[in-house]
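Here's a quick tour of the model, meant to be read with the viewer open. Take a look at the fold first, then work through the notes below.

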Amino acid sequence: MLGRLNHVAIAVPDIAAASAVYRDTLGASVTAPQALPEHGVTVVFIDLGNTKIELLEPLGDSPIAAFLAKNPAGGMHHVCYEVDDIIAARDRLTAAGARVLGDGNPKIGAHGKPVLFLHPKDFMGTLVELEQA
Ligand SMILES: CC[C@@H](C(=O)O)C(=O)SCCNC(=O)CCNC(=O)[C@H](O)C(C)(C)COP(=O)(O)OP(=O)(O)OC[C@H]1O[C@@H](n2cnc3c(N)ncnc32)[C@H](O)[C@@H]1OP(=O)(O)O
Ligand SMILES: [Co+2]
């Protein structure tokens, strides 16, 4: 069911400062910030060729606010795996007892494709995002 690793997401308190670290210290190419109010985040991507790093800063009523309250300097927030059929993946995971977050229906993610999130307690303490390939 799982395809490639689309991205690893890092929650950060200050996306401009975090982007500067990736750009100036690590020598990476960082995209312009994109506000995604429907997800409660501002996001930038760093393309590494084999996968991407996604930096996330809270925006408005954000699902990453509680995470940053516990980890004020930021930290690894989720991994995103591609799947060929997100509805088939959701139904298979739900049947296996995994908890799909939100109302269970995919939202359109940062790449314009449907995404879903799976509860971290069902996946060894790691929040998992699925993205339609
Ligand atoms: C940019 C768009 C999109 C993309 O296309 O890439 C994105 O990536 S958007 C990214 C942000 N969106 C989301 O994270 C949506 C899904 N997240 C959620 O629904 C919630 O954040 C959550 C995962 C259900 C956590 O909810 P919250 O209310 O903040 O915390 P809880 O107290 O309910 O947490 C329960 C439990 O889980 C632990 N936890 C929380 N977040 C994480 C995490 N990121 N990784 C690992 N564990 C996490 C939390 O610590 C609690 O554990 P205990 O303290 O042991 O109870
Ligand atoms: Co993501």
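Let's start with a strand pairing: I10 sits opposite L55 of β4. That's one spot in the parallel pairing of β1 with β4, which runs over five bridges. Keep in mind that this is a predicted model. Overall, the protein has three helices and eight strands, and going along the sequence they come in the order β-α-β-β-β-α-β-α-β-β-β.

**Overall shape**

- The radius of gyration is 15 Å, close to the 14 Å that the globule rule gives for 133 residues, so the protein is as compact as a globular protein of that length.
- The C-alpha trace spans about 45 × 30 × 25 Å along its principal axes.
- Buried residues account for 29% of the 133 residues.
- If you take the contacts with a separation of 6 or more, 52% of them link residues 24 or more positions apart.

**How the strands pair**

- β1 covers residues 2–11, and it's joined to β5 by seven bridges, with the two strands running antiparallel.
- In that β1–β5 pairing, look for A11, whose bridge partner in β5 is G75.
- On the β4 side of β1, A9 stands opposite E54, and I10 faces L55.
- β4 also pairs with β3, this time antiparallel and over seven bridges; V43 stands opposite L56 there.
- The hairpin of β3 and β4 has four residues between the strands, and G49 takes a positive phi near 90 degrees in it.
- How enclosed is β4 by the rest of the structure? Five of its seven residues are buried, so β4 is largely enclosed.

**The nonpolar cores**

- As a general point, nonpolar side chains in soluble globular proteins tend to be buried together.
- The largest nonpolar core here has 15 residues, and V12, I15, V43, V44, L55 and L56 are the members that touch the most others.
- β1, α1 (15–25), β3 and β4 are the elements that give two or more residues to this core.
- β3 puts in the largest share, with four residues.
- Apart from this core there's another one, made of eight residues, including V83, L93, L116 and L130.
- Back in the largest core, what does V43 contact once you leave aside its neighbours within four places in sequence? The list is Q34, L36, E54, L55, L56 and A110.

**Around ligand 1**

- The shell around ligand 1 holds 25 residues, and P63, A66, G109, A110 and P120 are the closest.
- A110 turns up twice, then: it's among the closest residues to ligand 1, and it's also in contact with V43.
- By class, the shell breaks down into 16 nonpolar, six polar and three charged residues.
- Several elements supply at least two shell residues each, namely β3 (41–47), β4 (52–58), α2 (65–70), β5 (75–83), β7 (114–118) and β8 (127–132).
- Which element gives the largest share of the shell? That's β5, with three residues.

**Two residues worth a click**

- C80 is found in strand β5, and it counts as buried because 23 other C-beta atoms lie within 10 Å.
- Not counting residues up to four places away in sequence, C80 touches N6, H7, A9, E129 and E131.
- One of those partners, A9, is the residue that stands opposite E54 in β4.
- C80 and T42 are 38 residues apart in sequence, and their C-alpha atoms are 17 Å apart in space.
- M124 is found in the loop between β7 and β8, and it has a positive phi of about 55 degrees although it's not a glycine.
- Is M124 buried or exposed? It counts as exposed, because it has 7 C-beta neighbours inside 10 Å.

Terms used:
Residues numbered from 1 in each chain as written. Chains lettered and ligands numbered in written order. Predicted model: local features only at pLDDT ≥ 70, side-chain atom pairs only at ≥ 80, totals over all residues. Near = placed C-beta within 6 Å. Nonpolar A, V, L, I, M, F, W, Y, C, P; charged D, E, K, R; others polar. Pairing = 2+ DSSP bridges. Core = buried A, V, L, I, M, F, W, Y, C linked by C-beta atoms within 7 Å. Buried ≥ 20, exposed ≤ 12 C-beta atoms within 10 Å, placed from the backbone. Contact = placed C-beta atoms within 7 Å. Rg over C-alpha atoms; globule rule 2.2 N^0.38 Å.
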